[in-house]
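Student: I have a chain open on my screen and would like to talk it through with you. Could we go step by step?

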Amino acid sequence: MSNEILHLSVPSPNPRAQSNPRKCKIHPLVVLEILDQFVRTEDQERVIGTLLGVNVDGVIEARSSYPVPYTTNDEDVMEPNVDFHRKMYQNKLRTNPQELIVGWYSTGDQIDTNSVSLHDFYWKEIGFPPVHMLIDPYSLTQNNTLGLKGFTAQSLGVGGEKHGFIFQSLDLELGTDLENFNKLGVEVLFKGSLLSQNQHGALIKDLDSLEHSVKKLHELLTLAESYVRSVLDGKEKPDLNAGRMLWEVVTALPRVDPAVLEKTWNNTITDLLMIVYLANLTKAQILTTEKLYSLPSSNKTSANSSSDYHKK
């Protein structure tokens, strides 16, 4: 009678991973990088890449990422560019040795056979169970959500041989507390139409984003002022935590003369308008140059002849 039984094969402990991942925090800029990669990739419907970060007692903090190109064979099996992946990882280690490979990402809305082979590749690369983040880029425009899903897996084998994985859902959240990042800038980028086919006039929309941010700031200040007045008038019971936070915000703001602040603001707006103008002018020159180079050779010759004639 055979002694072979169905069992879960778990790799040996690795000093870089104290336990299996139980939660994953994704930095918002990582999500933006993935969406930007998806928008820029035209010849493939799916993009994949590596997640870099740290593992703190089973909580994965994915702080950066980089894309990994791949090819598809006749059987529709995705084969990642291993050389590119390893060279990129070595370059990342030189700039930030604290961030190691913690998993990989892919666009899409479900796990498939390619996910199994790619997960096995990353498991062999790092020597312990990686996390897998799945992001549906179309969910951002269709459902107004990011469509993020996290997975971890256990290897499934018979007789000591691994034959696949059992994927399990992983608690995944945007780690806004990982470090101090520009929350306002990230919010503006998320609200932008990353999947818009028309990329023209993106710089002009910066002014609209600025207007939206100022309006939101004004609403928050109005809300804080209303709360303070209600407390002073005895209409609302004071909250010590809210009072401390308001005090910290007020004391952190620099004291600037209103006239100086207005002058600085006007100069900033002028500089922004100048940058927008120069950027649009440069874009127009590039488009004109591209059209000139795309003209047939006969038209170029006649154009050059005409130019020489006028010079004479």
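**Salt bridges, cores and surface**

Tutor: Happy to, and let's start with a pair of charged side chains: Lys23 and Glu173 form a salt bridge, with 3.7 Å between the closest N and O atoms. Please keep in mind that this is a predicted model.

Student: Which strands hold Lys23 and Glu173, and how many residues apart are they?

Tutor: The salt bridge between Lys23 and Glu173 links distant parts of the chain. Lys23 sits in strand S2 and Glu173 in strand S10, and their separation is 150 residues.

Student: Is Lys23 buried, partly exposed or exposed?

Tutor: Buried means under 20% relative accessible area and exposed means over 50%, with partly exposed in between. Lys23 has 23% relative accessibility, so Lys23 falls in the middle class. Its partner Glu173, with a relative accessible area of 29%, is partly exposed too. For Lys23, then, the answer is partly exposed.

Student: How many salt bridges does the structure hold?

Tutor: The Lys23 and Glu173 pair is a salt bridge, and Lys124 meets Asp120 in another at 3.3 Å, N to O. Glu225 and Arg229 also form one, with their closest N and O atoms 3.3 Å apart. The total for the structure is seven.

Student: Which of Lys124 and Asp120 is buried?

Tutor: Both residues lie in helix H3 (residues 113-126), four residues apart, about one turn of the helix. Lys124 has 62% relative accessibility, so Lys124 counts as exposed. With a relative accessible area of 17%, the buried residue is Asp120.

Student: And what separates Glu225 and Arg229 along their helix?

Tutor: Glu225 is partly exposed at a relative accessible area of 41%, while Arg229 is exposed at 53%. Both belong to helix H6 (residues 205-232). Because they are four residues apart there, what separates them is about one helical turn.

Student: Back to the buried charges: how far is Asp136 from the nearest side chain of opposite charge?

Tutor: Asp136 lies in the loop between strand S8 (131-135) and helix H4 (139-142). Beyond four places in sequence, Asp136 touches Gly108, Asp109, Leu146 and Gly147. Asp136 is buried yet has no salt bridge. The nearest side chain of opposite charge is that of Lys149, at a distance of 7.2 Å.

Student: Let's move to the interior. Which element gives the largest share of the largest nonpolar core?

Tutor: In soluble globular proteins, nonpolar side chains tend to be buried together. The largest nonpolar core here has 17 residues, and those touching the most other members are Cys24, Ile26, Val31, Ile34, Leu51, Val131 and Met133. Strands S2 (23-26), S4 (59-67), S7 (100-107), S8 and S10 (161-174), along with helix H1 (28-40), each give two or more residues. The largest share, four residues, comes from H1.

Student: How many residues are in the second, separate core?

Tutor: Among the members of that core are Val68, Tyr70, Met78 and Leu118. The second core has 14 residues.

Student: What does Cys24 contact, leaving aside neighbours within four places in sequence?

Tutor: Cys24 is one of the members of the largest core that touch the most others. Its contacts beyond that window are Ile60, Val131, Leu170, Asp171, Leu172 and Glu173.

Student: How far apart in space are Ile111 and Phe151?

Tutor: Ile111 is in the loop between S7 and H3 and is partly exposed, with a relative accessible area of 28%. Farther than four places along the sequence, Ile111 touches His132, Leu134, Phe151 and Phe167. Ile111 and Phe151 are 40 residues apart in sequence, and their C-alpha to C-alpha distance is 9.4 Å.

Student: Which residues make the nonpolar surface patch of about 400 Å²?

Tutor: One of them is Leu281, found in helix H8 (residues 258-294). Leu281 is partly exposed, with a relative accessible area of 38%, and a patch residue needs over 30%. The full set is Met274, Tyr277, Leu278 and Leu281.

Student: To finish, what percentage of the chain's residues count as buried?

Tutor: The chain has nine helices and ten strands. Its accessible surface comes to about 21,300 Å², with 56% belonging to carbon and sulfur atoms. Of its 312 residues, the share that counts as buried is 29%.

Notes
Residues are numbered from 1 along each chain as its sequence is written. This is a predicted model: local features need pLDDT of at least 70, side-chain atom pairs count only at pLDDT 80 or more; totals for chains, interfaces and linings use all residues. Side-chain values use heavy atoms; hydrogens and water are left out. Patches are made of residues with over 30% relative accessible area and no salt bridge: like charges are joined within 9 Å, nonpolar side chains (Val, Leu, Ile, Met, Phe, Trp, Tyr) within 5 Å. Accessible areas come from the Shrake-Rupley method with a 1.4 Å probe; for residues, only the protein chains shown count as cover. A salt bridge is a side-chain nitrogen of Lys or Arg within 4 Å of a carboxyl oxygen of Asp or Glu. Buried means under 20% relative accessible area, exposed over 50%, partly exposed in between (1.4 Å probe, protein chains only). Lys and Arg count as positive and Asp and Glu as negative; His and the chain ends are not counted. Contact means heavy atoms within 4.5 Å. A nonpolar core is a set of buried Ala, Val, Leu, Ile, Met, Phe, Trp, Tyr and Cys residues joined through side-chain atoms within 4.5 Å.
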